[in-house]
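Here are my notes on this one, set out as numbered points. Have a look at the model first, then read on.

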Amino acid sequence: MSDKYETHEASDCDDALRELYGFLDGELTDDRRHLISSHLDDCSPCLEAFDFENELRHLVASKCHDDVPDGLRERIADAIAGCDDAEVE
Ligand SMILES: [Zn+2]
């Protein structure tokens, strides 16, 4: 029945989306990467999801570099250390 085809497609998408982070982090084997990138060629919803996540990562990465100077980073570390002390007391 046609149900079988749909189920197959959906699980391909599930697999692709499950591996999204591994794919973007470069943690997958060549086989897995190849499988997913060929799925993305055929499946625009998944491709959009990957693109979106990819863009988001670049955005967050560049924003974080710009917006968190070393001084602030140290103050945050101090604040966290301070919290630890307060909790211990
Ligand atoms: Zn898909």
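1. Glu19 sits in the loop that links helix H1 (2-18) to helix H2 (20-24); helices here are DSSP runs of H or I with at least four residues, strands are runs of E with at least two, and both are numbered from the N terminus. This is a predicted model, in which local features need pLDDT of at least 70, side-chain atom pairs count only at pLDDT 80 or more, and totals for chains, interfaces and linings use all residues. Residues are numbered from 1 along each chain as its sequence is written.

2. Is Glu19 buried or exposed? Glu19 counts as partly exposed because it has 18 C-beta neighbours inside 10 Å (buried means 20 or more other C-beta atoms within 10 Å, exposed 12 or fewer, partly exposed in between, with C-beta atoms placed from the backbone).

3. Leaving out residues up to four places away in sequence, Glu19 touches Leu28, Arg32 and Ile36 (contact: C-beta atoms, placed from the backbone, within 7 Å). The C-alpha atoms of Glu19 and Arg33 lie 9.0 Å apart, with the two positions 14 residues apart in sequence numbering.

4. Ile36 also belongs to the largest nonpolar core, together with Ala16, Phe23, Cys46 and Phe50 (such a core is a set of buried Ala, Val, Leu, Ile, Met, Phe, Trp, Tyr and Cys residues joined through C-beta atoms within 7 Å). Phe50 touches Leu20 and Leu40, again beyond four places in sequence.

5. Please mind the confidence: mean pLDDT (the predictor's confidence in each residue, from 0 to 100) is lowest in H1, at 70, and highest in helix H3 (residues 30-42), at 94. Over residues 1-7 pLDDT stays under 50. Where pLDDT is low, the predicted coordinates should not be read in detail.

Conventions. Two residues are in contact if their C-beta atoms, placed from the backbone, lie within 7 Å.
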